[in-house]
Amino acid sequence: MSGIPLLTHASPTATVAYRDGIAISAQRFLTDATLLARNMPAAGHVLNICTDRYRFTVGLAACLMSERVSLLPSTHTPQVIAQLAKFAPDALCLTDDADCAIDLPQAHYAELLGEVAAFNSAAPYRVPRIATTQLAAIVFTSGSTGTPVPYRKTWGPLARCVLDGAPRLGLLDGRSHALLGTVPGQHMYGLESAVLLALLSGNALCAERPFYPADVAAEVAKLPRPRVLVTTPIHLRTLLGSGIEFPPVDLLISATAPLSQDLAREVERRYRSELLEIYGSTETGQIAMRRTAQAAAWRLWPDVRLSSADGQVFAQGGHVEQMTRMCDVIEITGAEEFLLHGRTADLVNVAGKRSSFGYLNAQLSAISGVIDGAFFLREESAGSTGVARLGAMVVAPGMSAGSVTEQLRRLIDPVFLPRPLLIVDRLPRNAAGKLPLHALRALADEQLRIDGSQ
């Protein structure tokens, strides 16, 4: 049969996953996926919201094996679910939460899987091959600046993206690496780097998705080496600031937002491990990598190339099937390299002066005592002046808005100083560490009402 195998684990006893540090074999995984595919109610589209990463991956595999399409929005708000129901009226919700409140027909993982006794370790080990043209998933943009947009992902390009990236990440060295992710599998980065990377490179994923620093450290300690932590810049900053003693890790992978070189160097120094940063998008998947502590330039995935036209940059080749416009300010520096200068949507003009939210946020986060922070555009204009107004929210325990503003004044042009700058307990980041603009503005409005009533 033609196609690309669902797994590259050569032996039925090879480890595909860990739960609580206990290995789960390839044979067990295929048995679970087969049972789930057989018992799942009829549906062409499956909204897979399982929070346990192993169960999520079994659900993904079951859909691939039965030619169902996985729906993977990065958030599950009532508004997103309502849009999803219109987009795919036959959608079924696969969940491992007994109290799931999503307004779709539901299928519960534990009920569908049946008894554990159904597993037969002596059964023939047959890894299914999935046709390269099969529609595997429909993923959605994060919606951080608007309504989530769907993108169709066929198995061939999706698998090739991961297979091309694995050797560049050093994960095809003959050892079985344990990949622990702090990002959800429903997000494009989490799907590629914490799920498919394990399946398609002979390595092992972890069922847990820890959030707090102590929990991340505890889960890492349960795993055999070599260990890989798949995470985000916000998690890395939180880990560094926690003071938690961390067990050894052999590789750190980061994505979803650019890392500063200073942060990357501090992470490598503290954890004595290489930190690799991945660049990509929902539209293209992963297309480049860099070791940020040593280089600013990004190196493209095999056969992926960038081109420019009419002031815009496009990606095509390799696993990127169609010419795709990149939503970033990119400087092409070579056939396989480029520099990233921020997102096009991040550019802001205040009183004739230009900057970017990426740059402003980096200056804010560089202030000692600031744990997290973000600028945002309050309004398109102020009255008849047409001047953009910036606000900012900051997580900085023990600091006042005035002290943060005073330090920020030394780092940025005064026209970009936020009015107001609000001190909050936490920013409304989603599970992938991103900040939806509507959530940021809603929190700002709420905080202004609270401050005004005091």
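Which residue stands opposite glycine 317 in E20? I will start there and work outwards. The model is a predicted one.

The answer is valine 320. The pair belongs to strand E19, residues 312-317, and E20, which run antiparallel and are joined by three bridges. These strands are part of an open sheet of three, in the order E18-E19-E20, with antiparallel pairing. Strand E18 (305-309) and strand E20 (320-325) are at the edges with a single partner strand each, so one side of each has no neighbour in the sheet. On average, neighbouring strands here are turned by 20° against each other, direction ignored.

Now the loops of this sheet. Glycine 318 sits in the loop between E19 and E20. Its relative accessible area is 25%, so glycine 318 is partly exposed. Leaving aside residues up to four places away in sequence, glycine 318 touches Arg160, Pro302, Asp303 and Val304. For one of these, proline 302, the C-alpha to C-alpha distance to glycine 318 is 6.4 Å, with a separation of 16 residues in sequence.

On the other side of E19, the loop between E18 and E19 holds aspartate 310. Aspartate 310 is not a glycine, yet has a positive phi of about 55°. Most residues other than glycine have a negative phi. Is aspartate 310 buried or exposed? With a relative accessibility of 80%, aspartate 310 counts as exposed.

Next, the sheet of six strands. This one is open too, its order is E7-E6-E4-E5-E9-E10, and the pairing is mixed. Strand E7 (106-108) and strand E10 (150-154) are the edge strands, each pairing on one side only. The average turn between neighbouring strands is 30°, direction ignored.

Going through some of the pairs: strand E4, residues 45-48, pairs with strand E6, residues 92-95, in the parallel sense over three bridges. Within that pair, leucine 47 is opposite cysteine 93 in E6. Helix H3, residues 78-87, packs on this sheet and touches E4, strand E5 (69-72), strand E9 (135-140) and E10. The direction of helix H3 makes about 145° with that of E9.

E4 also pairs with E5, again in the parallel sense and over three bridges. Here histidine 45 has valine 69 in E5 as its bridge partner. What covers E5, one face or both? Both faces are covered: Val69 and Leu71 are buried on one side, Ser70 and Leu72 on the other.

Just ahead of E5, glutamate 67 lies in the loop that follows helix H2 (53-65). Phi of glutamate 67 is near 60°, a positive value in a residue other than glycine. At a relative accessible area of 63%, glutamate 67 is exposed.

There is another positive phi in a hairpin. Strand E2, residues 15-19, and strand E3, residues 22-25, are paired antiparallel over four bridges, with alanine 23 in E3 as the bridge partner of tyrosine 18. Two residues separate E2 and E3 in the hairpin, and aspartate 20 in the turn has a positive phi of about 55°.

On to the peptide bonds. Most peptide bonds are trans. Arginine 225 and proline 226, however, are joined by a cis bond with omega of about 5°. Proline 226 is in the loop between helix H7 (213-222) and strand E13 (227-231). A cis bond also joins arginine 419 and proline 420, with omega of about 10°. Proline 420 belongs to the loop between helix H11 (401-409) and strand E27 (421-423).

Last, the empty space. How many cavities of 30 Å³ or more are there? The count is one, and the largest cavity holds about 30 Å³ of space. Its lining consists of Val162, Gly165, Ala166, Leu169, Glu192, Ser193, Leu197, Gln286 and Trp301. Helix H5 (155-168) and helix H6 (188-200) each contribute at least two residues to that lining. By class, five of the lining residues are nonpolar, three polar and one charged.

The second largest pocket has about 460 Å³ of space. It is lined by 18 residues, and Phe211, Ile234, Thr238, Asp372 and Arg426 are the ones nearest its centre. Helix H8, residues 233-242, gives the most to this lining, with three residues. The lining of this pocket divides into eight nonpolar, five polar and five charged residues.

Technical notes
Residues are numbered from 1 along each chain as its sequence is written. This is a predicted model: local features need pLDDT of at least 70, side-chain atom pairs count only at pLDDT 80 or more; totals for chains, interfaces and linings use all residues. Side-chain values use heavy atoms; hydrogens and water are left out. On a 1 Å grid over the protein atoms alone, a cavity is a set of points where a 1.4 Å probe fits but cannot get out, and a pocket is an open set with protein on both sides within 12 Å along at least five of seven lines; lining residues have an atom within 4 Å of a point. Grid points are joined across faces, edges and corners, and a volume is the space filled by probe spheres set on the points. Ala, Val, Leu, Ile, Met, Phe, Trp, Tyr, Cys and Pro count as nonpolar, Asp, Glu, Lys and Arg as charged, and the others, Gly among them, as polar. Two strands pair if DSSP finds at least two bridges between them. Axes are lines fitted to C-alpha atoms, for helices over the stretch in contact, and angles run from 0 to 180 degrees between N-to-C directions. Contact means heavy atoms within 4.5 Å. Buried means under 20% relative accessible area, exposed over 50%, partly exposed in between (1.4 Å probe, protein chains only).
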